[in-house]
Amino acid sequence: MEDIKPLSFPGISPKRPLVIAGPCSAETEEQVLSTARDLAKNGIQIFRAGIWKPRTRPGGFEGVGAEGLPWLQRVKEETGMLIATEVATRQHVEEALGAGVDILWIGARTSANPFAMQEIADTLQGVDIPVLVKNPVNPDLELWIGAMQRLYNAGIHRLGVIHRGFSAYGKHLYRNMPQWHIPIELRRRIPELTIICDPSHIGGKRELIAPLSQQAMDLGFDGLIIESHCDPDCAWSDKGQQVTPEVLNYILKTLVIRD
């Protein structure tokens with residue numbers, strides 16, 4: 001993967017940080033559009049929303065499914081933002097591509113499964129689309145790189161990664177342990193790779209998003225993917241780690257970006 005280049009998007013500044021924001025889950029069309037409009041007013045240019053949601057236990061809200069894809073299309077049409085969502089199966093990929101989704105990401109549970117990664121890679125064969133790969137749930141750098149290699153071998157060369165922390169047993173300050181040395185080692189091995197931090201999933205609490213975002217910038221990360229909801233306390237999933245678009249704007253304005 002020696003020819004991996006930093007990701008770039010037409011009309012979006014290459015300055016750090018690249019910001020991707022939106023709700024954990026697309027819940028209703030009104031919620032998606034309301035959040036997107038507020039984010040767009042604050043200058044966000046890439047909108048994220050989970051259409052299919054992997055949950056630890058059955059019975060929780062697992063996403064609205066393909067029904068929500070037209071909502072993302074409306075976001076794109078009304079605001080001009082690029083749209084991004086998570087995919088985990090062949091069907092997800094095909095439906096997302098059919099709806100004109102601009103950026104795909106692979107979740108931590110999926111990137112840990114070589115069979116699932118190969119299925120996604122096979123489905124993306126010959127498609128030119130940016131794909132972001134979250135770190136596997138377990139702290140295994142080789143598994144993370146292997147997930148990227150499967151996509152690369154399928155012809156996906158517009159690759160980036162998302163550092164969302166690693167699972168650990170028991171209670172800790174963070175929902176997922178940062179283990180910063182792992183993405184730092186990934187940077188050493190693939191210097192031009194775009195690395196985005198997910199402070200929402202690392203911290204698990206909205207009050208940790210700002211300090212984690214600053215730490216990621218201090219460590220030279222290229223961007224941030226942050227969960228933002230028009231009414232976080234009423235969110236159907238992960239409400240404790242989401243912020244309003246206004247709070248997100250404040251967090252981004254107070255970041256200190258050092259070379």
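Two strands pair if DSSP finds at least two bridges between them. The exercises below apply this criterion and others to a predicted model.

**Exercise 1. The sheet**

Determine what kind of sheet the strands form, and how β1 is joined to β8.

*Solution.*
Step 1. Follow the order of the strands: the sheet runs β1-β2-β3-β4-β5-β6-β7-β8, and the pairing is parallel.
Step 2. Examine β1 and strand β8 (residues 223-227): five bridges join them, and the two run parallel. Two bridges are the minimum for a pair, so β1 and β8 satisfy the criterion with five.
Step 3. Locate one of these partners: Leu18 has Gly223 in β8 as its bridge partner.
Step 4. Conclude that the eight strands make a closed barrel. In this sheet, neighbouring strands are turned against each other by 25° on average, direction ignored.

**Exercise 2. Helices on the sheet**

Identify the strands on which α3 and α6 lie, and give the angle of each helix to one strand.

*Solution.*
Step 1. For helix α3 (residues 90-98), the strands are β3 (82-87) and β4 (103-106); the helix runs at about 170° to β3.
Step 2. For helix α6 (residues 141-153), which packs on the sheet, the strands touched are β5 (131-134) and β6 (159-163). The direction of α6 makes about 155° with that of β6.

**Exercise 3. A helix pair**

Describe the packing of α3 against α5 by angle, axis distance, handedness and contacting residues.

*Solution.*
Step 1. The axes of α3 and helix α5 (residues 114-123) are 9 Å apart, and the helices pack at an angle of about 35°.
Step 2. Their crossing is right-handed.
Step 3. On the α3 side, the contact is made by Arg90, Val93 and Glu94; on the α5 side, by Glu119, Ile120, Asp122 and Thr123.
Step 4. Sorted by class, the contact has four charged, two nonpolar and one polar residue.

**Exercise 4. Two pockets**

Characterise the largest and the second largest pocket by volume, central residues and lining.

*Solution.*
Step 1. The volume of the largest pocket is about 480 Å³. Its lining has 20 residues, and those closest to the centre are Pro54, Thr56, Arg109, Arg164 and Arg175.
Step 2. Helix α4 (residues 108-111) supplies the largest share of this lining, three residues. By class, the lining of the largest pocket has nine charged, six polar and five nonpolar residues.
Step 3. The second largest pocket holds about 280 Å³ of space. Of its 15 lining residues, Pro17, Leu18, Val19, Gly43 and Ile44 lie nearest the centre.
Step 4. Two or more residues of that lining come from each of β1 (18-22) and α10 (245-254); α10 gives the most, with three. The lining of the second largest pocket divides into eight nonpolar, five polar and two charged residues.

**Exercise 5. Backbone exceptions**

Find where the backbone at Pro17 and at Gln179 departs from the usual pattern.

*Solution.*
Step 1. Recall the usual pattern: most peptide bonds are trans, and most residues other than glycine have a negative phi.
Step 2. The bond that joins Arg16 and Pro17 is cis, with omega about -5°. Pro17 belongs to the segment before β1, and is among the residues nearest the centre of the second largest pocket.
Step 3. Gln179 has a positive phi, near 45°. Gln179 is placed in the loop between β6 and α7 (181-189).

Terms used
Residues numbered from 1 in each chain as written. Predicted model: local features only at pLDDT ≥ 70, side-chain atom pairs only at ≥ 80, totals over all residues. Heavy atoms only, no water. 1 Å grid on protein atoms, 1.4 Å probe; cavity = no way out; pocket = protein on both sides within 12 Å on 5 of 7 lines; lining within 4 Å. Points joined across faces, edges and corners; volume = space filled by probe spheres on them. Helix = DSSP H or I, 4+ residues; strand = E, 2+ residues; numbered from the N terminus. Nonpolar A, V, L, I, M, F, W, Y, C, P; charged D, E, K, R; others polar. Axes fitted to C-alpha atoms, helices over the stretch in contact; angles between N-to-C directions. Contact = heavy atoms within 4.5 Å. Left-handed = near helix turned anticlockwise from the far one by under 90°.
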